[in-house]
Amino acid sequence: MNNVQRISRNTFSLNQEDPSLSGNGQNLAFIVSRNGRPTVELKDLRTGKTLPLRYLSRYQPHSSPSVSWNARYLAVLAQRRQRPFAILEDRITGRIHHFSIPGERLPVRLSLAPDATQLIVQLADKGKWKIELFDLSQIIEPD
């Protein structure tokens, strides 16, 4: 039987949802409630400090965070004009990329590849589940 070490409970607060651990295990993205709105937060697990996110706070509420290997990129479902969409922030350059989903399809969950060259979005479309894959290799530098 393996001996698994638990991280101290004092590192995290209550009411956190949708955890996403970076591939290198050093950063954690999750959803917390800020002023009654679900908001993404990114923590450095080595220091316990919250890492800055430049633009994501403009588009709330947030859900389904996903981080790349070194947490350079953070993808999340956000909302604009009552319409959910996927958004990706490059924490090094400060660039942000929007991925709108046309039609009646609603994004429900997303997952970012470890190198951030692909983003997959689960959609609800007229009572059925579908997935859509976005190739990001031409617009971002791999993590």
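Two strands are said to pair if DSSP finds at least two bridges between them. Strands themselves are DSSP runs of at least two residues, numbered from the N terminus.

Good morning. The model before you is a predicted one, in which local features need pLDDT of at least 70, side-chain atom pairs count only at pLDDT 80 or more, and totals for chains, interfaces and linings use all residues. Residues are numbered from 1 along each chain as its sequence is written, and side-chain values use heavy atoms, leaving out hydrogens and water.

I shall centre on strand E3, residues 37-44. Of its 8 residues, 6 are buried, that is, under 20% relative accessible area with a 1.4 Å probe, protein chains only.

Which strands pair with E3? Strand E2, residues 27-34, does so in the antiparallel sense over 8 bridges, with Leu-28 standing opposite Lys-43 in E3. The hairpin of E2 and E3 has 2 residues between the strands, and Asn-35 takes a positive phi near 55 degrees there. Strand E4, residues 50-51, also pairs with E3 in the antiparallel sense, over 2 bridges; here Leu-42 stands opposite Leu-51.

Finally, the largest pocket. A pocket is an open set of points on a 1 Å grid over the protein atoms alone, where a 1.4 Å probe fits, with protein on both sides within 12 Å along at least five of seven lines; lining residues have an atom within 4 Å of a point. E3 gives the most to this lining, with 4 residues. Among the lining residues are Leu-42 and Leu-51, the two that stand opposite each other.

Note on methods:
Buried means under 20% relative accessible area, exposed over 50%, partly exposed in between (1.4 Å probe, protein chains only).
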